[in-house]
Amino acid sequence: MSKKSKTRERSKTRPETHALRTGPNWPLLAVSGLGIVLTGYLSWTALTGSAVQGCSAGGGCDTVLTSRWATLLGLPTALWGLFAYIGLAAIAFVRRADKHWSYAWTAAFFGVCYSVYLTVVSLTILQSACPYCLTSLALMSTALALVVWQRPPAMAHRSWVGLAAGRGVFAALVILLLHANYVAPQAEPIGPEDPKIRALAEHLSDEGALFYGASWCPHCQEQKRLFGASASRLPYIECSPAGPNTPQAPSCSRAGVKSYPTWVINGQTYAGEVMSLARLASTTSFPGAADFK
């Protein structure tokens, strides 16, 4: 066997080695930790129906966090952000340098793309700004900038255009599909009225229950859709007659309404949640409560 053949044979059998990190990526872990705290808090408020600190009813923050863009695939958008930051924190512990960088770059890139999309929506469509959301955008952008700065020398030969092109096209397609779903018109309820639902709506009015909401609030619209063609019989009070980012109606201010929708039943306040027909029936001792499940 010739010398060249032996050399080729040894190169084939020699195990491929990769540079390993000596420890976690502490800067990335720190940024991810801040993102986890922020999105964890917003996820908790969304899942529990709690009020977000600093978000007054009808304000820019409230408009954004109660819009249709505040949920994604049935879950709070903040919860998806929490998953993204947890993923970045986990990537910080990947020891193989090339894999660590590739995973971190991809996650941060997608995070920035979606955060920019949500920011554009809030400023153009909702015409509002949410400090919490802008802070998350800043954190995700910091993570991406950090990853770009940390690119290992072994990957310096790869073009930034090549790195971003494929991921950018995929991110754009996903965002376009989601946006089309968000802006798709929703069917309005039409008659005839369901006798049981009509009776419940009339019972709520007779019992003195009050339903505070805003025309631009998607959860309020969802609450009305539960009543279908009987929604007009609800004891509804419009708190934002002039639209978002305008002064609240005096009756709502006097009632201390802080989030939408808000129900006041028998002196008890139920704020920031869509109440099911069964719960409304049982809460007001509706005679046909057993008909709703």
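**Exercise 1. Work out whether Cys239 is buried or exposed, and what its sulfur is doing.**

Step 1: Look at the cover. Cys239 has a relative accessible area of 0%, so it is buried (buried is under 20% relative accessible area, exposed over 50%, partly exposed in between, with a 1.4 Å probe and protein chains only). Keep in mind that this is a predicted model, where local features need pLDDT of at least 70, side-chain atom pairs count only at pLDDT 80 or more, and totals for chains, interfaces and linings use all residues. Residues are numbered from 1 along each chain as its sequence is written, and side-chain values use heavy atoms, with hydrogens and water left out.

Step 2: Find the partner. The sulfur atoms of Cys239 and Cys252 sit 2.0 Å apart, and the two form a disulfide (a pair of cysteine sulfur atoms within 2.5 Å). By this rule the count is one disulfide.

Step 3: Place the two ends. Cys239 is in the loop between strand 4 (236-238) and helix 10 (250-254), while Cys252 is in helix 10, 13 residues apart from its partner. Helices (H or I, at least four residues) and strands (E, at least two) are DSSP runs, numbered from the N terminus.

Step 4: Check the other end and the twist. Cys252 is buried too, at 0% relative accessible area. The torsion about the S-S bond of Cys239 and Cys252 is about -90 degrees, so this disulfide is left-handed.

**Exercise 2. Explain why Cys133 has no bond to Cys130.**

Step 1: Get the distance. The closest cysteine sulfur to that of Cys133 is in Cys130, 3.1 Å away, and that is too far for a bond.

Step 2: Add the surroundings. Cys133 is partly exposed, with 30% relative accessibility.

**Exercise 3. Find which helix gives the largest share of the largest nonpolar core.**

Step 1: Pin down the core. The largest nonpolar core has 40 residues, and Leu28, Trp105 and Tyr117 are among those with the most contacts inside it. Such a core is a set of buried Ala, Val, Leu, Ile, Met, Phe, Trp, Tyr and Cys residues joined through side-chain atoms within 4.5 Å.

Step 2: Go through the suppliers. Helix 2 (26-48), helix 3 (60-65), helix 4 (77-91), helix 5 (97-124), helix 6 (131-149) and helix 7 (160-183) each give at least two residues to this core.

Step 3: Pick the winner. Helix 5 brings the largest share, nine residues.

Step 4: Zoom in on Tyr117. Not counting residues up to four places away in sequence, Tyr117 touches Trp69, Ile175, His179 and Tyr182 (contact means heavy atoms within 4.5 Å).

**Exercise 4. Trace which residues are joined with Arg198 into one salt-bridge network.**

Step 1: Start with Glu193. Arg198 makes a salt bridge with Glu193, the closest N and O atoms being 4.0 Å apart (a side-chain nitrogen of Lys or Arg within 4 Å of a carboxyl oxygen of Asp or Glu).

Step 2: Turn to Glu202. The side chains of Glu202 and Arg198 also meet in a salt bridge, at 3.1 Å from N to O. Both lie in helix 8 (residues 195-206), four residues apart, or about one turn of the helix.

Step 3: Join them up. Through shared partners, salt bridges link Glu193, Arg198, Glu202 and Arg233 into one network.

Step 4: Check the exposure. Arg198 is partly exposed at 34% relative accessibility, and Glu193 is partly exposed at 26%.
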